[in-house]
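This report describes the domain arrangement, the ligand surroundings, the nonpolar cores and several individual residues of one protein. The account begins with the ligand and moves outward from there.

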Amino acid sequence: MHLKDILTRLGIEANNSGTSTGTKWLPAQGSVVTSYSPVNGAVIGTVQTTDEHAYEAVMQQAQQAFLQWRNVPAPKRGDIVRQFGDALREYKADLGALVSYEMGKSLQEGLGEVQEMIDICDFAVGLSRQLYGLTMHSERPNHRMYEQWHPMGIVSIISAFNFPVAVWAWNTALALVCGNVCVWKPSSKTPLCAVACQHIMAKVLKANDLPEGISSLITGNPCGNLMNQDKRIPLISFTGSTRVGRLVAAAVAGRFGKTILELGGNNAIIISKDADLEMSVIGALFGAVGTAGQRCTSTRRLIIHKDVYNDFTARLVKAYGQLKIGDPLDENNHVGPVIDKDAVATYLSCIEKIKQQSGRFLVEGGVLNGLGFESGCYVKPCIAEVENHYEIVQEETFAPILYVMKYSDIEEAINMQNNVPQGLSSAIMTLNLREAEQFLSANGSDCGIANVNIGTSGAEIGGAFGGEKETGGGRESGSDAWKGYMRRQTNTINYSNTLPLAQGIKFDL
Ligand code: UN1
């Protein structure tokens, strides 16, 4: 793998602008962010962040572009997204490798992330002919009533480091076919993935001679605050921590803007005594250590039936013993680094808290040193036996730390699963139909995602993605999540010669 060639093909230079209105890159005076690879600690490149002046230029351009883009028929907008999906197919190998190198997830997962982008483009293309509204029967004679879905305007997308490209694509592909223009602020930890995506998007915009401002890029955290206050932005789709999400939600609600919030998860798998234990080990293992435990949907808790607890944890400990940690671009390794040294510090402080709160480690954690681990970002996935109510267990820690706990009956297991502030993803491993259905019923999991005999991570784009409680309530991606990117308008048309009022009201002069 020649990283230099990959970067060149993706348009990444040593110093990059982090501000673009589409095909044009704007000079900006913001601070400079350096992107280090957690894989080997090397500098990949720098990005000049967006200052207030450049921010203003981007927003004005976006506003203007919206006036044109909203009049392009939706299926034609879909065709642009189709072309973007084709361009992603062309760059899949390169972009997947960059994701792996800049973020640290395994190459397979980097490629998988680009595949999600391609899939959502396909989904959005079909959707562009299906932005259906309902028609209703009016209570008045010779009246017709129906609803339409209209574009909203500027949709701003704030994404996190853990899915540095896919989350943007989920939002952008839908928002674009819905007739919106998009402004993306990626995580400052993975700015080069965003620069690469913008170059790919630019090719499509250019080939179709589209105006600047349809899909823009801004970088740097100060832009977040500017957007929260910016009345020109009717919708902010935010993926990140519950702490920051709460600030975004309050600020945007204060100006009656809308948000789609995709915040923390504290995802559990219930391992029933009727589970296929072999399959459950694989599900739990991938869920807990995939992406080094840095997915919103990562498995953080295993709630295990007491009768299979010893057997299951023994199998799991054995499986952890076989994990290969190292360079994520080497396909023999299972687990790559965490994103940076701050993440390592969070991991270590979490381990300390687990011990203080009487947790007991079945697999010890620790930071890896020496050859191949020079970046200082490689940590050992670990397993701790805990109780669900521990303060640390109630929090989302973005690291490969897995909690195990015991239960006696299914009601207790469901209570434990639900008894955390977050509500993103959940799963039960069981061959028992009754408990599977109970888990999925109104009395069951309170999460936005509930699976049977599948782990908590790896959601497909066809379903609506998101969760309840402190996860923020937003839905992205499939099903009818597109409705979150449009405004609904109810239309009533009177084609009679009189003006009958609704609710039988008489108003005679
Ligand atoms: C996230 O972690 O922000 O379910 C999204 C999954 C992915 C998406 C995760 N499809 O693991």
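## Ligand shell and domain arrangement

Ten names make up the surroundings of the ligand in this predicted model: N162, F163, V167, T239, R295, C296, T297, S457, G458 and A459. By residue class, the shell around the ligand comprises 4 nonpolar, 5 polar and 1 charged. Both domain 1 (3-263 + 472-490) and domain 2 (267-452) contribute residues to this shell, so the ligand lies between them.

The division of the protein is into domain 1, which covers 3-263 + 472-490, and domain 2, which covers 267-452. Their C-alpha centres are 31 Å apart. The contact between them draws 18 residues from domain 1 and 19 residues from domain 2. On the side of domain 1 that touches domain 2, α3 (74-103) and α4 (107-127) each provide at least two residues. The largest share of that side, 4 residues, is supplied by α3. In composition, the side of domain 1 that touches domain 2 has 7 nonpolar, 7 polar and 4 charged residues.

## Helices α4 and α2

How many of the 21 residues of α4 are buried? The count is 15, so α4 is largely enclosed by the rest of the structure. The length of α4 agrees with expectation: at 1.5 Å a residue its 21 residues should span 30 Å, and its end C-alpha atoms are 30 Å apart. D119 is placed in helix α4. It counts as buried because 21 C-beta neighbours lie inside 10 Å, where 20 or more are required. D119 and I454 are 335 residues apart along the chain, and their C-alpha atoms are separated by 20 Å.

Helix α2 (residues 52-69) has 18 residues. From its first C-alpha to its last it reaches 25 Å, close to the 26 Å expected at 1.5 Å a residue. The buried residues in α2 are A54, Y55, A57, V58, M59, Q61, A62, A65, F66 and W69. Their cover includes the strands β6 (154-158), β7 (181-185) and β8 (215-217), together with helix α7 (222-229).

## Nonpolar cores

In soluble globular proteins, nonpolar side chains tend to be buried together. Here the largest nonpolar core contains 144 residues, and those with the most contacts inside it are C121, A124, V165, A173 and L174. The element that gives the most to this core is α3, with 12 residues. Domain 1 (3-263 + 472-490) and domain 2 (267-452) both give residues to this core, so the core lies between them. Leaving aside residues up to four places away in sequence, A124 touches G78, V81, A173, L174 and V177. There is also a second, separate core of 6 residues, which includes L424, I449, A459 and F465. A459 is also one of the residues that surround the ligand.

## Individual loop residues

Three loop residues are set out below with their places and C-beta neighbour counts.

| Residue | Loop | C-beta neighbours within 10 Å | State |
|---|---|---|---|
| A28 | between β1 (15-17) and β2 (32-36) | 23 | buried |
| A292 | between α9 (277-289) and β12 (299-305) | 32 | buried |
| S358 | between α11 (341-356) and β13 (360-363) | 10 | exposed |

A28 touches S17, G18, T19, Q48, T49, T50, D51 and A54, with residues up to four places away in sequence not counted. A54, one of these contacts, is among the buried residues of α2. A28 and T8 are 20 residues apart in sequence, and their C-alpha atoms are 22 Å apart in space.

A292 and S358 call for attention in their backbone angles. The phi of A292 is near 50°, a positive value in a residue other than glycine. S358 likewise is not a glycine, yet has a positive phi of about 75°. Are these two residues buried or exposed? A292 counts as buried, with 32 C-beta neighbours inside 10 Å, whereas S358 is exposed, with 10 other C-beta atoms within 10 Å.

Key:
Residues numbered from 1 in each chain as written. Predicted model: local features only at pLDDT ≥ 70, side-chain atom pairs only at ≥ 80, totals over all residues. Domains from an automatic or database assignment. Contact = placed C-beta atoms within 7 Å. Nonpolar A, V, L, I, M, F, W, Y, C, P; charged D, E, K, R; others polar. Expected span 1.5 Å × (residues − 1). Buried ≥ 20, exposed ≤ 12 C-beta atoms within 10 Å, placed from the backbone. Near = placed C-beta within 6 Å. Core = buried A, V, L, I, M, F, W, Y, C linked by C-beta atoms within 7 Å.
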